[in-house]
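Reader: I'd like a close look at one part of this model, and then how the rest is put together. Could you walk me through it?

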Amino acid sequence: MVLLLIPAALLAVLVGVNLGWRWVFAPLLGYALLTWLLTSLRALVADGRDGAAAAADPEPVSGDERTLFWCEECGTEVLLLVRGSARAPSHCGQRMHERTELLN
Ligand SMILES: [Zn+2]
């Protein structure tokens with residue numbers, strides 16, 4: 001893979017110097033956006049599939065404990081009031097971490 005990057009970089013420099021750098025960066029940006037889009041759509045489809053399979057009757061959380069979900073990426077915290085499924089919700093493209101605290 002690394003050996004393929006050397007001729008690709010040489011070709012990119014050659015094209016960039018002779019034809020303009022927009023012919024190098026525009027396809028790279030397009031590839032990055034397409035990859036991000038497809039990854040996001042795959043995550044949404046997987047979430048929809050798993051969520052439909054795991055759907056159950058929602059049950060309120062018991063009063064002697066407090067469950068929080070937190071996002072490792074951005075730090076967002078979500079307080080769980082009604083549990084719809086056993087799976088943790090997603091945020092920033094990944095599963096949130098569950099933290100349960102016992103209340104006195
Ligand atoms: Zn997040």
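Of the 18 residues of α1, how many are buried, and does that leave the helix largely in the open or covered?

Author: Happy to, with one caveat up front: this is a predicted model. The number of buried residues in α1 is 0 out of 18, so the helix lies largely in the open. Buried here takes 20 or more other C-beta atoms within 10 Å of a residue's own. As for its build, α1 covers residues 2–19 and reaches 25 Å from its first C-alpha to its last, close to the 26 Å expected. Just after α1 comes Gly20, with a positive phi of about 115°.

Now for the sheet. Three strands make an open sheet, in the order β3-β2-β7, and the pairing is antiparallel. The edges belong to β3 (77–79) and β7 (97–102); each has a single partner strand, so one side of each is left without a neighbour in the sheet. From one strand to the next, the twist averages 25°. In general, strands of a sheet pair through backbone hydrogen bonds.

Take the pairing of β2 with β7 a little further. Strand β2 spans residues 65–70, and 6 bridges join it to β7, the two running antiparallel. You can trace that on the model with two pairs: Glu65 stands opposite Leu102 in β7, while Trp70 stands opposite His97 in β7. And β7 itself is hardly covered, since the count of buried residues among its 6 residues is 0.

Definitions and conventions. Residues numbered from 1 in each chain as written. Predicted model: local features only at pLDDT ≥ 70, side-chain atom pairs only at ≥ 80, totals over all residues. Helix = DSSP H or I, 4+ residues; strand = E, 2+ residues; numbered from the N terminus. Expected span 1.5 Å × (residues − 1). Buried ≥ 20, exposed ≤ 12 C-beta atoms within 10 Å, placed from the backbone. Pairing = 2+ DSSP bridges. Axes fitted to C-alpha atoms, helices over the stretch in contact; angles between N-to-C directions.
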